[in-house]
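User: Hi! I'm new to protein structures, and I'd like to walk through this one with you. Could we take it question by question?

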Amino acid sequence: MPNDHLNAAGSTINLRLRYAKNLDFKQSLATIKVNGQAIGSQRLSSERANDDTVRVKLPADLPLNSTFTVQADFDLVLPGETNQVLPDQSAWASVLADSYATIRSKPNRDLLFDNYPSVFMKGQAVHHLALVRPDRLTENDFATMSNLFGLIGNYAKQNTGEFKIYHGQPSTAELAQANVLVFGTPAQTPLIKQLNNRLYFQYNSAFTGFKSNEKLSLEEQYAQRVGTAQLLRSPFNAHHGLLVVTGAHEDAVYRASTQLNRQVKLAQYRQTDTIVVDDNNQHFSYRFKKQKLLKDDAFNVTFHKQGHFWVYMGLSLLAVAFFGFVVISILWRHGLLKRKGNWHEH
């Protein structure tokens, strides 16, 4: 599946099977698993032993990556046996080569770390991404960029996306056109100061550390040593996302970025939008936003999905208008419209 899609209702696994006819068919089963999770089972049948089909629907909320594993487990029991038979006994089953899966997908617009970095991508390319970085990069800053773009690079299979880098303060108009990724300390990256009131973990008035909030109470010294990664709805455009990786010191920024460099690390932060990492590499995660869905541009989505319909509708209206004009012209030329008016006068 594309990186920015997830499994939708109606996906199915269809396995064609053959198996022995000498089984105890009251106890013999085939079970389908996807990524190790049991999805459905079906009892085997002597009538269908030479050509059986097991078809199961996948739950709509089952997470599927771009690749996944389908496993068929067989419980093959011979008559008179109470336990599963051993491989050297005369019970067998096989999956035929024309088995297949039908996977339906839908765009994933969840603004949570479950969906990062796919939320910043379209298909297999970055999608209108703006990086706002410190003007002068330190060694820690280079390491932070490596962490952030290592994972994005693993997901990007095409170079057709749009990606812009800003060293200073971009204009609001520029930020409104893109998903935004901003990193650095408040002193390094002025945009972070501008965004402070929007952050889930906000800085104190001197920008020397984070303030406590409803999720976490922070001691003053400790608040200066933690770094955060915060995934927000962009204040510049509600249809775009904003990732802020920041801390009072650049080493804290780097520590926060280490949680975003591999998918196996992000898997720890399901259903969350904020990560906090301290100088002892303890990390915590929180969910602040109630509405996780990133808004679609309704007009653009509708037009994209129904574009052909509107084209045909426009052509039809033009055709009706043209033929209507022709009919009225003919009637007028032959005086039919005029005579109708005279009849009323008479």
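Analyst: Happy to! A starting term: helices and strands here are DSSP runs, numbered from the N terminus, with at least four residues for a helix and at least two for a strand. Please keep in mind that this is a predicted model.

User: Thanks! How many helices and strands does the protein have?

Analyst: The protein has 346 residues, and buried ones make up 41% of them. Counting its secondary structure gives 9 helices and 18 strands.

User: Where is F210 placed?

Analyst: Two helices frame the stretch to look at: α3 covers 190-195 and α4 covers 220-223. F210 belongs to neither, and its place is the loop between α3 and α4.

User: Is F210 buried or exposed?

Analyst: Leaving aside neighbours within four places in sequence, F210 is in contact with a list of residues including F201, Y203, L218, V226 and T246. The cut-off for buried is under 20% relative accessible area. F210 has 4%, so it counts as buried.

User: How far apart in space are F210 and E220?

Analyst: Along the sequence, F210 and E220 are 10 residues apart. Going from C-alpha to C-alpha, the distance in space is 8.1 Å.

User: L216 is in the loop between α3 and α4 as well. Which residues does L216 touch, not counting those up to four places away in sequence?

Analyst: L216 is buried, with a relative accessible area of 19%. It also has a C-alpha to C-alpha distance of 9.9 Å to V276, although the two are 60 residues apart in sequence. Once residues up to four places away are set aside, the ones L216 touches are F201 and Y286.

User: What share of the contacts between residues at least 6 apart in sequence joins residues at least 24 apart?

Analyst: A contact means heavy atoms within 4.5 Å. Taking the protein's contacts between residues at least 6 apart in sequence, the share that joins residues at least 24 apart is 69%.

User: Let's turn to strands. In what order do the 3 strands of the open sheet come?

Analyst: Strands of a sheet pair through backbone hydrogen bonds, either parallel or antiparallel. In this open sheet the pairing is antiparallel, and the order is β4-β3-β6. The edge strands, each pairing on one side only, are β4 (37-43) and β6 (70-75).

User: Which residue in β4 stands opposite V34?

Analyst: Strand β3 covers residues 29-34 and runs antiparallel to β4, with 6 bridges joining them. Opposite V34, the residue in β4 is Q37.

User: Which residues form the covered face of strand β5?

Analyst: In a regular strand the side chains alternate between the two faces of the sheet. Strand β5 spans residues 52-57, and its uncovered face has T53, R55 and K57. The covered face is made up of D52, V54 and V56.

User: And which residue of β5 is the bridge partner of L15?

Analyst: Strand β2 (residues 12-19) pairs with β5 in the antiparallel sense, over 6 bridges. The bridge partner of L15 in β5 is V54.

User: Last one: what is the area of the nonpolar surface patch that includes F322?

Analyst: F322 is found in helix α8, which covers residues 307-333. The nonpolar patch is made by F322 together with F323, F325, V326 and I330. Its area is about 530 Å².

How values were computed
Residues numbered from 1 in each chain as written. Predicted model: local features only at pLDDT ≥ 70, side-chain atom pairs only at ≥ 80, totals over all residues. Heavy atoms only, no water. Patch = residues over 30% accessible without salt bridge, like charges linked within 9 Å, V, L, I, M, F, W, Y side chains within 5 Å. Areas by Shrake-Rupley, 256 points an atom, 1.4 Å probe, with all protein chains shown as cover. Salt bridge = Lys/Arg side-chain N within 4 Å of Asp/Glu carboxyl O. Pairing = 2+ DSSP bridges. Buried < 20%, exposed > 50% of the residue type's maximum accessible area, 1.4 Å probe, protein only.
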